[in-house]
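Have a look at the structure below and take a moment to turn it around. We will then walk through a few of its parts together.

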Amino acid sequence: ISRVLASLVLVATAGVASAQSAPKDFYVEGGLMPMKITGGTTDITPVAARLTLGKNINNNLAVEGVYVFTASKDSVKVLNTNTNTNVDVDVAVSGYGVYLKPKFEVAKDTEVFARIGYTSAKLTASVGNISATGDTVNSVSYGAGFQTQINKDWYAQADYMVFSKKDGGTAKGFGVSAGYRF
């Protein structure tokens, strides 16, 4: 019985040791991205928060799911034709995306990457208690950036993304994020 017990302890210890040295394939990121959304004659610049959940497929490729929502609305002045005065309209953005992220290490603990994928997003405009949500825009999305390791679990990242370029309108921005591997 003592030999069986000793064997089980050794197997359990080896399993824990190998689990601790196994590479961390999943990661989560949180960041901010001042966006520039153009369409027609209006430019809107809300600040978006971005949450990313990713999985490393290998050393040079990852798959990501992204959720974007407004951290700070932008206000646009619109002429009210009834009173001939300007009215402030608050604009918010929300959406999601899925991406492939090819990456390449250029220096120890620093890599460059690209993103290519699909984004679905919508704008909401509001004046006082009245709000209107625009059509959902579905578009190819792409970008590039770099990330550097802070320690074995944490990293910092900067990137430039074009979330949508469709029907005469664009949504793009430069973002910074912090990530955690698990």
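The paragraphs that follow look at some paired strands and then at a nonpolar core. Keep in mind that this is a predicted model.

Let's begin with strand 3, residues 47–58, and strand 4, residues 61–72. These two strands are antiparallel and are paired over eleven bridges. To find one of the bridges, look for glycine 54, whose partner in strand 4 is glutamate 64. Two residues make the link from strand 3 to strand 4, forming a hairpin.

Now move along the chain to strand 7, which covers residues 110–127. Which strand does strand 7 meet over twelve bridges? That is strand 9 (residues 137–149), and the two run antiparallel. Here you can spot glutamate 111 bridged to glutamine 147 of strand 9. Strand 7 also pairs with strand 8 (residues 130–133), again in the antiparallel sense, with four bridges. Serine 126 lies opposite serine 131 of strand 8. A hairpin with two residues in between connects strand 7 and strand 8, and its turn contains glycine 128, with a positive phi of about 60°.

Finally, let's turn to the largest nonpolar core, a set of 15 residues. Within this core, Met35 and Phe163 have the most contacts. Strand 1 (26–39), strand 4, strand 6 (85–107) and strand 10 (154–166) each give two or more residues to the core. Strand 6 supplies the largest share, with four residues. Beyond its neighbours within four places in sequence, methionine 35 is in contact with several residues, including Ile44, Val93, Phe163 and Ala171. In soluble globular proteins, nonpolar side chains tend to be buried together.

Methods:
Residues numbered from 1 in each chain as written. Predicted model: local features only at pLDDT ≥ 70, side-chain atom pairs only at ≥ 80, totals over all residues. Heavy atoms only, no water. Pairing = 2+ DSSP bridges. Core = buried A, V, L, I, M, F, W, Y, C linked by side-chain atoms within 4.5 Å. Buried < 20%, exposed > 50% of the residue type's maximum accessible area, 1.4 Å probe, protein only. Contact = heavy atoms within 4.5 Å.
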